[in-house]
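Okay, thanks for coming, everyone. I'll put a protein up on the screen and walk you through it.

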Amino acid sequence: MIDFIAEVSSNHNRDLSRMKEFIYASKKAGCSGIKFQLFKIDKLFATEILEKSETHRKREAWELPEEFIPELAKLTHKLGLKFSCTPFYLEAVDILEPYVDFLKVASYELMWHNLFEKCGNTGKPIVFSTGMATMDEVKDTLECLFKTKCKEITILHCNSAYPTPVEDVNLTKIKALKEMVNSIEKPDEIIIKVGYSDHTVSPAVLYRTIHHYGVDLVEFHLDLDGKGEEYKAGHCWLPDKIAGVINNINEGIKSDGQGEFGPSPSELPDREWRSDPIDGLRPLKGIRNSFGK
């Protein structure tokens, strides 16, 4: 099965009750996990930017209160979901480590190897996005993680435009990432998977991603009701829409079966109604006389 991870991002509006609604909605939609973000604007943006930009200063209202994290993790785990959070500063890794099932590093932090080192040395699985990156930058990040305690890595193909035009998604990069993973030298004990982080809100893109490229994980941005801080940007799914897509994808995967050639249980009653090889008439001669009795 595919891991679907709902990214709450800054759509929680700093409201604990609303955050819990996101967790319940993610469970109902068929997700396997939910992810938040832990940042502080003075540790995210340079002083020169904050001094000049009111827009960036206002993002303080998007910050996740640290004291909510234990309660959010507890509810997430109670519902059988994975809990994760993206750290955007080094101390955030220490805050999150006791609670998360994996750590996610965003595309914008791809070149900040100190953050990857700290995340990797928790021993937790690491997921990272590759928006805007070159393949050499992705390889450099992997080499950084190979030197840590991390044993499981998931690389997400991503386009960092919010929202991403469908014609810019470039899903063939998933193939390139898989080929790279299969060709590089790595420690034997490390598992590397490839996934996709969505900013399109396009069912067609998700269907193509999974059924053609066979990713292991899909991350998408979720809002509850169109009232989240980021919803107007156009890259966030609503619960009912993503639930339908996840259900259709899982139904399609279910249809793969076990790969054994032979009649399925639903076909067995019809086997006797095939044409008899002796005279070419239906059903088989063995049941003709007993028919209707």
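Before the charges, a quick word on counting: Lys and Arg go down as positive, Asp and Glu as negative, while His and the chain ends are left out. With that in hand, this protein carries 38 positive and 46 negative side chains, and the centres of those two sets sit 5 Å apart. Do keep in mind that what you're looking at is a predicted model.

Now, the overall picture. We have twelve helices and nine strands here. The radius of gyration is 24 Å, and the globule rule for 293 residues gives 19 Å, so the protein is more spread out than a compact globule. You can put dimensions on that too: along its principal axes the C-alpha trace spans about 90 × 45 × 40 Å.

How much of the protein is buried? Buried residues account for 46% of the 293. As for the accessible surface, that comes to about 15,600 Å², with 49% of it belonging to carbon and sulfur atoms. And if you take contacts between residues at least 6 apart in sequence, 64% of them join residues at least 24 apart.

On to the cysteines. How many disulfides do we get? The count is zero. Take C31: its closest cysteine sulfur is in C236, 13 Å away, and that's too far for a bond. C31 is also buried, at 7% relative accessibility. C144 is a similar story: the closest cysteine sulfur, in C119, is 9.7 Å off, again too far for a bond. C144 is buried as well, with a relative accessible area of 8%.

Last topic: backbone oddities. As background, most residues other than glycine have a negative phi, and most peptide bonds are trans. So where are the exceptions?

Let's do the cis bonds. The peptide bond from Y162 to P163 is cis, with omega near 0°, and P163 lies in the loop between β6 and α9. R282 and P283 are also joined by a cis bond, with omega at about -10°. You'll find P283 in the loop between α11 and α12.

Then the positive phi angles. N13, not a glycine, has a phi of about 55°. That residue is in the loop between β1 and α1, and N13 is partly exposed, with a relative accessible area of 30%. V201 isn't a glycine either, yet its phi is positive at about 60°. V201 belongs to the loop between β7 and α10, but this residue is buried, at 16% relative accessible area.

That's my tour, so over to you.

Key
Residues are numbered from 1 along each chain as its sequence is written. This is a predicted model: local features need pLDDT of at least 70, side-chain atom pairs count only at pLDDT 80 or more; totals for chains, interfaces and linings use all residues. Side-chain values use heavy atoms; hydrogens and water are left out. Helices (H or I, at least four residues) and strands (E, at least two) are DSSP runs, numbered from the N terminus. The radius of gyration is taken over C-alpha atoms; the globule rule is 2.2 Å times the number of residues to the power 0.38. Buried means under 20% relative accessible area, exposed over 50%, partly exposed in between (1.4 Å probe, protein chains only). Contact means heavy atoms within 4.5 Å. Accessible areas come from the Shrake-Rupley method with a 1.4 Å probe; for residues, only the protein chains shown count as cover. The place of a charge is taken as NZ of Lys, CZ of Arg, CG of Asp or CD of Glu. A disulfide is a pair of cysteine sulfur atoms within 2.5 Å.
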